[in-house]
Amino acid sequence: MCVALPGLAISSDQGQLTGRGLEGFYRAGRRVLSRCQVRVAGREPLAVQARMSGADSARFVGTLRASPQAGPDPEVVVERTRHADGTERITLHSAAVRPLRVPVEVALGTDLADLGAIACGDVGPELPATVHDSGLRWSSARGSSAVTADPPPADALASAGLLRWEFALPPGGSASIELRVRSGAGPVRAVGRAATSPLAVARASGDDPRVEPLLRTSLEDLQALLLRDPAHPSDTHLAAGVPWRCGLAPADALAAARMTLSLGTRLAVGTLRTLARTQLRVKGAQSGMIPGPIRDAGTHLPPGCTGTEATLLFPALLAEARRWGLPESETEELLPAAERCLTWLRATVGDGTYLRDPYPGGPVRCETQAHAHRAALLGADLLDAGGRPGGAELREWAGALRTAFRADLWIDDVGGGRPAAARTPDGRLVPQLGAAAVHLLDTGLLGGGEQAPGLLDKVQTEQLARLLGAPAMDSGWGLRGLGAKEAGHNPFGHRSGAVRVHATALAIAGLAAADYEKEASALLRGVLAAAAAFGHRLPEMYAGEQRTEGSAPLPHPAACRPAAASAAAGVLVLTTLAGIRPDAPGGTVTLRPMRSAPLGEIVLTGLRVAGAPFSLRVSRLGLAMVEEAADGLQLRA
């Protein structure tokens with residue numbers, strides 16, 4: 001899967017595009033070419049290798065014998081280099097000791113179908129082609145596309161969708177064909193290929209050889225998923241994932257921007273501006289909300305509203321981006337939108353204590369209270385810094401929420417207790433333990449390098465850390481969405497047992513910040529092992545099967561890969577090792593590295609703090625040393 005949005009190319013490891021399933025070149029969700037099958041000397045090359053050469057490109061190698069008398073050794077190597085922008089280069093290399101005359105034909109076709117229709121199996125027949133320029137063209141009411149070839153083919157048969165060449169290859173010689181796929185909208189211009197990227201080009205190295213490819217691949221995937229607001233082209237944000245979620249998903253975009261603040265604040269500000277323009281301004285209960293779709297919540301809870309999560313993430317991201325170095329002028333520009341989010345929060349809570357789901361009869365979800373508590377505390381800091389009223393009221397409410405949560409939504413039992421997943425309108429507590437509980441550890445960053453207080457007290461936090469580190473939750477590959485011993489557990493369940501990389505990364509960061517390094521280290525090693533098994537391109541999720549000797553993580557058939565939150569999680573788990581807590585307005589940065597140094601020495605270069613490059617080294621003894629930082633930035637112990 002080659003990704004450089006809005007361009008996308010999907011094929012099997014055979015390299016041929018057959019038109020089956022999702023195979024094809026896509027532009028903005030439409031399949032502009034579904035079939036591209038190469039035959040050399042009347043036969044398909046035998047596929048011997050398929051490798052990604054970057055997030056946006058793949059290389060396929062096949063071989064064939066030019067004649068039956070050639071013996072068992074291949075005489076021709078066929079190399080195909082495919083790019084998400086719609087280009088493919090086909091190169092023939094001769095290994096024969098005699099000159100060869102090699103006929104080549106490429107069979108092309110498309111249905112111009114929408115990705116959603118293809119996923120539902122609602123696809124029509126291939127469209128008829130016409131000869132166009134040095135290739136073929138297709139058109140329908142849905143649009144048009146064309147393929148041009150360089151060099152031009154010797155023969156083009158529109159009725160059969162065929163382009164033909166004949167090459168004379170001397171011993172050791174080569175010949176190439178370059179195909180270019182274009183839609184009616186013109187060439188694909190990938191946002192991630194722009195001269196100025198919102199993400200810093202960071203690097204990782206150290207004792208563990210997996211850290212370098214994980215950070216590099218995560219950055220490549222994030223670049224490939226960048227989208228631009230058409231009406232405001234300077235603002236970029238991340239698509240949720242490929243192939244199913246190639247558009248903006250507000251909660252995912254905000255979460256990914258927050259996990260990548262160590263790469264600079266430009267992605268955060270672009271995401272915040274884009275979503276501020278979607279904020280509801282109508283009168284009524286929804287005023288101030290960032291709209292978002294409904295999301296499945298697993299076996300034991302009704303679907304949840306991601307708009308609630310996005311609305312609460314907005315002020316938290318703005319507050320933390322300011323700590324990482326977002327200029328005050330841009331903070332002030334976005335403060336009114338954050339203030340509207342916080343006004344919605346207080347209005348929705350009303351005279352009560354908890355933030356319920358925004359529909360009649362909705363439960364009080366544990367994770368929603370964690371998002372709301374963090375938004376209140378970080379939002380209060382924002383309001384104070386901007387000279388706006390309301391900060392004291394938000395802190396007072398957050399304090400009341402902490403007190404009530406510890407009493408009402410903690411289930412005591414002989415094993416030490418657990419947080420409830422939710423409380424239903426009739427007062428019943430939902431006891432099942434799942435990955436949503438990790439949000440209780442994700443408390444947020446305040447000034448002076450301090451973590452905001454959480455909803456749990458010290459004893460409850462220790463118990464949650466123990467539960468998350470137990471085999472029922474830690475699969476050995478990461479954190480299960482629902483504990484293996486819980487009713488309704490399904491290792492492939494989206495939120496009822498599968499490992500979600502985003503939740504695992506939040507657990508690692510939260511456990512490390514709370515000084516539960518044993519549990520954090522185990523989860524870190526598991527997700528690193530899974531990343532290596534997936535070629536360091538972490539999927540959105542994978543099966544929560546227990547890791548055993550010699551096993552590998554099972555892919556989830558519906559997972560996006562790459563996915564924005566998973567690629568951003570790769571950045572977060574590595575920066576967690578260094579424990580970077582900046583306070584750019586205060587001119588300081590605090591380092592709280594993992595003292596156990598679970599991966600040995602690690603060096604991170606090219607990060608961004610306070611608008612300047614930031615590099616550091618964490619030794620095998622768990623000691624952090626800054627090697628590059630902004631002028632005047634003070635290191636706090």
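**Note on selected features of the predicted model**

1. A search of the whole structure, which is a predicted model, finds 1 aromatic pair. Its members are Phe 534 and Tyr 542, whose ring centres lie 5.4 Å apart with the planes at 40 degrees, so the pair is classed as tilted. For reference, planes under 30 degrees apart would count as stacked and those over 60 as edge-to-face. Both Phe 534 and Tyr 542 are buried.

2. A further ring is involved in a contact with a charged side chain. Arg 547 is placed over the face of Trp 477, at a distance of 4.5 Å from the ring centre.

3. Helix H8 spans residues 391–408, a run of 18 residues. From the first C-alpha of H8 to the last the reach is 25 Å, close to the 26 Å expected at 1.5 Å a residue.

4. The buried residues of H8 are Gly 391, Leu 394, Trp 397, Ala 398, Gly 399, Leu 401, Arg 402, Ala 404 and Phe 405. An α-helix has 3.6 residues a turn, so residues three or four places apart point the same way. The buried list for H8 includes an arginine, Arg 402, alongside residues such as Leu 401 and Phe 405. The elements covering these buried residues include helix H6 (328–349), helix H7 (366–385) and strand S24 (410–411).

5. An open sheet of 4 strands follows the order S18-S32-S33-S34, and its pairing is antiparallel. Strand S18 (203–206) and strand S34 (624–628) are the edge strands; each has a single partner strand, so one side of each is left without a neighbour in the sheet. From one strand to the next, the twist averages 25 degrees.

6. Within this sheet, strand S32 (residues 602–609) and strand S33 (residues 612–618) are paired in the antiparallel sense over 6 bridges. As one point of register, Val 603 has Arg 617 in S33 as its bridge partner. In general, strands of a sheet pair through backbone hydrogen bonds, either parallel or antiparallel.

7. Ala 158 is found in the loop between strand S15 (155–157) and strand S16 (162–169). Is this residue buried, exposed or partly exposed? With a relative accessible area of 21%, Ala 158 is partly exposed, because the buried class requires a value under 20%.

8. Leaving aside residues up to four places away in sequence, Ala 158 touches Ala 129, Thr 130, Val 131 and Leu 136. Ala 158 and Pro 209 are 51 residues apart along the chain, and their C-alpha atoms are separated by 51 Å.

Notes: Residues are numbered from 1 along each chain as its sequence is written. This is a predicted model: local features need pLDDT of at least 70, side-chain atom pairs count only at pLDDT 80 or more; totals for chains, interfaces and linings use all residues. Side-chain values use heavy atoms; hydrogens and water are left out. Rings of Phe, Tyr and Trp (its six-membered ring) pair if their centres lie within 6.5 Å; planes under 30 degrees apart count as stacked, over 60 as edge-to-face and the rest as tilted. Buried means under 20% relative accessible area, exposed over 50%, partly exposed in between (1.4 Å probe, protein chains only). A charge sits over a ring if NZ of Lys or CZ of Arg is within 6 Å of the ring centre and within 35 degrees of the ring normal. Helices (H or I, at least four residues) and strands (E, at least two) are DSSP runs, numbered from the N terminus. The expected span of a helix is 1.5 Å times one less than its number of residues. Contact means heavy atoms within 4.5 Å. Two strands pair if DSSP finds at least two bridges between them. Axes are lines fitted to C-alpha atoms, for helices over the stretch in contact, and angles run from 0 to 180 degrees between N-to-C directions.
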